[in-house]
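Colleague: Got a minute to go through this one with me? I'd like to start with the ligand.

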Amino acid sequence: MNERETLKINRLGHLEIGGADTVDLAKEFGTPLYVFDEAHIRNMMRVYKTTIEKEYDGNGLVLYASKAFSCEAVYAIAREEGIGVDVVSGGEFYTALKAGFPADKAYMHGNNKLVRELEFALDNGIGNIVIDSYREADILNDLAKKRGIKQNVLIRTNPGVEAHTHAFVQTARTDSKFGFSIGDGAAEDITRHVLSKENLVLKGYHCHIGSQIFEKQSFIIAAEKVMDFIASIKQKLGFEACVLNIGGGFGVWYTDEDPKLKLSDYADYLKALIGAVKTKAAEHGLNKPYLLIEPGRSIVGEAGITLYTVGAIKDIKGIKKYVAIDGGMFDNPRYALYQSKYTVLLADRAGEECTEKVTIAGKCCESGDIIAVDVPLPEAESGNILAVLTTGAYNYSMASNYNRNFIPAAVLVNDGKAEYIVKPQTYEDLIRNDVIPERLKK
Ligand code: LLP
């Protein structure tokens with residue numbers, strides 16, 4: 001296993017996260033269980049924040065992309081760390097507000113924001129809305145006018161940068177449901193449109209080139225393209241953007257096929273990006289824009305693991321050995337969706353040598369319900385605790401009650417002590433919104 005600050009193997013041969021023994025956690029809280037190391041989350045928030053402070057005179061803000069993991073506690077941590085958040089639905093914004101998160105530090109995204117979401121955002125004083133369609137600009141202007149307010153907005157652009165990542169999470173190509181392409185003049189046209197709206201205040205531009213990206217150059221080229229665009233808009237329309245939001249996308253370690261980045265590496269990514277923005281600002285004679293970045297996965301991804309209990313084991317001789325767990329695609333749909341790879345280990349026998357390759361299967365009623373294929377493990381037995389690493393991002397947030405399974409609880413570990421941040425569900429929760437029409441009642 002890759003030794004990390006967050007994880008270690010203790011003298012009992014058990015996996016520890018944030019100083020807590022995972023075998024004890026499984027006993028106390030049950031499985032499946034999402035476990036998050038608070039120190040890891042805070043360190044990641046801090047490294048971005050301090051890099052902006054040091055390298056860019058603090059002229060910017062880190063926005064935690066909360067689609068990666070949204071629950072009240074994580075917004076409370078972001079609030080304490082003095083960073084902002086990116087929200088992509090009324091639900092995420094509501095959760096942030098409930099956690100006491102300052103609305104003016106929230107930025108709302110979405111390619112098809114609903115009218116009720118825009119109304120909710122305005123009524124609760126959202127800081128900024130990132131416009132992604134003409135329709136949205138028109139609706140938002142009307143809603144702002146009705147309320148007698150002027151709403152700060154950004155425009156989502158599409159710089160046409162191809163990042164080497166899974167095709168499903170490439171977003172900044174010209175063919176994308178997101179943003180307005182810089183290359184074909186669409187971004188310029190929507191700029192004119194938004195500038196003509198009396199109740200919208202255009203602050204600048206946003207772009208997001210994809211997720212799980214390791215190439216520094218992708219971020220640099222994207223930043224350069226948007227800076228060139230800002231310069232050309234200034235020249236053509238006399239409008240100089242004062243905000244540049246460069247999105248998220250920094251990669252994390254899932255398996256040893258991925259680089260294992262240190263905090264200083266993440267700082268270097270941001271430094272390189274800042275360098276490109278500064279150079280372009282000087283080249284074009286622009287003011288240095290207020291810089292926003294939106295990391296999600298890199299803040300919570302490696303901070304989280306999922307603990308399961310091994311149940312049925314099926315050895316199909318000469319073909320495959322299936323090790324089934326008490327979770328599955330309802331708590332982690334990422335293999336089913338993207339064939340994502342994970343590192344898996346037996347948390348209660350973490351020091352033992354791996355002697356076989358097995359496929360980790362979930363408990364849902366379909367063959368595609370797999371968590372990992374052909375992963376090395378010691379010979380597992382029913383009752384062993386299995387840990388899947390790097391599940392902090394896009395696991396809980398993408399979980400469902402498929403097959404009426406419970407979405408697992410989540411605990412936050414701080415200095416070896418764990419507390420619930422998401423309580424376990426009950427059967428009652430599953431039927432909470434069900435209604436039997438009178439005519440179907442016996
Ligand atoms: N900003 C915007 C506008 C985004 O669309 C995203 C992610 C982020 C920031 C955060 O990107 P990150 O730093 O987390 O890479 N469900 C997929 C990932 C979808 C990402 C969507 N947008 C997965 O499980 O891999």
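Modeller: Sure. One term up front: a polar contact here is a pair of N or O atoms within 3.5 Å. Also, keep in mind that this is a predicted model.

Colleague: OK. Which atom of the ligand pairs with the side chain of Tyr394, and at what distance?

Modeller: An oxygen atom of the ligand, 2.7 Å from an N or O atom in the Tyr394 side chain. That pair counts as a polar contact because the cut-off is 3.5 Å.

Colleague: And what about Tyr338?

Modeller: There a nitrogen atom of the ligand sits 2.8 Å from an N or O atom of the Tyr338 side chain. With Gly249 the backbone is involved: one of its polar backbone atoms is 2.8 Å from a ligand oxygen.

Colleague: How much of the ligand's accessible area does the protein cover?

Modeller: 91% of the 590 Å² that the ligand has on its own.

Colleague: How many residues surround the ligand, and which are the closest?

Modeller: 19 residues, with Ser211, Glu294, Arg297, Arg334 and Tyr394 the closest. By class, the shell has six nonpolar, seven polar and six charged residues.

Colleague: Switching topic: where is His208?

Modeller: In the loop between β11 (200-206) and α8 (216-237).

Colleague: Is His208 buried or exposed?

Modeller: Buried, because its relative accessible area is 19% and the cut-off for buried is under 20%.

Colleague: What does its side chain contact?

Modeller: The His208 side chain reaches the backbone nitrogen of Gly248 at 3.0 Å. A polar atom of that side chain also lies 3.2 Å from the backbone oxygen of Gly210.

Notes
Residues numbered from 1 in each chain as written. Predicted model: local features only at pLDDT ≥ 70, side-chain atom pairs only at ≥ 80, totals over all residues. Heavy atoms only, no water. Near = heavy atom within 4 Å. Polar contact = N/O pair within 3.5 Å; in protein donor to acceptor, adjacent residues only side chain to side chain. Areas by Shrake-Rupley, 256 points an atom, 1.4 Å probe, with all protein chains shown as cover. Nonpolar A, V, L, I, M, F, W, Y, C, P; charged D, E, K, R; others polar. Helix = DSSP H or I, 4+ residues; strand = E, 2+ residues; numbered from the N terminus. Buried < 20%, exposed > 50% of the residue type's maximum accessible area, 1.4 Å probe, protein only.
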